[in-house]
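Here is a friendly note to read alongside the sequence and the model. Take the points one at a time, and keep the 3D view open as you go.

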Amino acid sequence: MLLRLKFDSRVVKKPVISSVTLKTSALINIIKAEVGPRKGELIVEVEDSMTEKVEEAFREFGVSVCRLKKKVQRSDECVHCGACISMCPVEAICIAEDGRVEFMDNCVLCGNCVKVCPVKALSIPV
Ligand code: SF4
Ligand code: SF4
């Protein structure tokens, strides 16, 4: 399960990930991290069986948690240029037999492809 974690200045300096790992014994894989002095946002992956326990532990630390079930969204503006393919860390973008670019379900919503698309065809679902 992918989780989006958001936290503010009260939490940003605390060792939240390691504390939740110790408390729950869950393996937490950080997919994306944007952390500044006043706020932070992480996307993490946890085993499905540990999701509820991990969510509860993060919330106890004052972290806002939401589950991500969707993949990156693409609009009709896509021109199938392929610029996004090499940016994907999990090979979730490929070229189909007809030459069109396809997105697969193993997307982990890292956002790398969104940044490079020349026609702004991609977005992360909220
Ligand atoms: S959001 Fe990240 S994981 Fe998903 S398709 Fe784009 S580059 Fe790949
Ligand atoms: S970079 Fe944008 S336009 Fe090019 S294939 Fe990817 S989504 Fe389509």
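The points below go from the whole chain to its helices, its ligands and a few single residues.

1. Please keep in mind that this is a predicted model. The protein has 126 residues, and 19% of them are buried. Along the principal axes, its C-alpha atoms fill a box of roughly 50 × 30 × 20 Å.

2. What are the elements of the protein, and in which order do they run? There are three helices and eight strands. Starting at the N terminus, you can tick them off as β-α-β-β-α-β-β-β-β-α-β. When you look at contacts with a separation of 6 or more, 66% of them are between residues 24 or more positions apart.

3. Now find helix 1, residues 16–24, and helix 2, residues 51–60. In general, a packed pair of helices is described by the distance between the axes and by the angle between them. For helix 1 and helix 2, the axes come within 10 Å and cross at roughly 130 degrees. An angle between 115 and 145 degrees counts as oblique, and therefore helix 1 and helix 2 are oblique to each other. The crossing of helix 1 past helix 2 is right-handed.

4. Which residues of helix 1 and helix 2 meet? Helix 1 brings Val-16, Val-20, Lys-23 and Thr-24, while helix 2 brings Lys-53, Val-54, Ala-57 and Phe-58. By class, the residues of this contact are five nonpolar, one polar and two charged.

5. Next, look at ligand 1, which has 14 residues around it. The nearest are Cys-88, Cys-107, Cys-110, Asn-112 and Cys-113. The shell around ligand 1 has twelve nonpolar and two polar residues, with no charged residues.

6. Ligand 2 is surrounded by 13 residues. Cys-78, Cys-81, Ala-83, Cys-84 and Cys-117 are the closest. The shell around ligand 2 has ten nonpolar residues, two polar residues and one charged residue.

7. Two residues deserve a look at their backbone angles. Most residues other than glycine have a negative phi. His-80 is not a glycine, yet its phi is positive, about 55 degrees. You will find His-80 in the loop between strand 5 (73–74) and strand 6 (93–95). Lys-120, also a residue other than glycine, has a positive phi near 55 degrees. Its place is the loop between helix 3 (112–116) and strand 8 (122–123).

8. Are His-80 and Lys-120 exposed or partly exposed? The cut-off for exposed is 12 or fewer other C-beta atoms within 10 Å. His-80 has 13 other C-beta atoms within 10 Å, so His-80 is partly exposed. Lys-120 has 10 C-beta neighbours inside 10 Å, so Lys-120 counts as exposed.

9. Pro-15 sits in the loop between strand 1 (2–8) and helix 1. Pro-15 is exposed because 10 other C-beta atoms lie within 10 Å. Its C-alpha atom is separated by 32 Å from that of Val-116, and these two residues are 101 residues apart along the chain.

10. Finally, where is Asp-48? Asp-48 lies in the loop between strand 3 (39–46) and helix 2. With 8 other C-beta atoms within 10 Å, Asp-48 is exposed. Asp-48 and Met-1 are 47 residues apart along the chain, and their C-alpha atoms are separated by 5.3 Å.

Key: Residues numbered from 1 in each chain as written. Chains lettered and ligands numbered in written order. Predicted model: local features only at pLDDT ≥ 70, side-chain atom pairs only at ≥ 80, totals over all residues. Near = placed C-beta within 6 Å. Nonpolar A, V, L, I, M, F, W, Y, C, P; charged D, E, K, R; others polar. Helix = DSSP H or I, 4+ residues; strand = E, 2+ residues; numbered from the N terminus. Buried ≥ 20, exposed ≤ 12 C-beta atoms within 10 Å, placed from the backbone. Contact = placed C-beta atoms within 7 Å. Axes fitted to C-alpha atoms, helices over the stretch in contact; angles between N-to-C directions. Parallel < 35°, antiparallel > 145°, perpendicular 65-115°, else oblique. Left-handed = near helix turned anticlockwise from the far one by under 90°.
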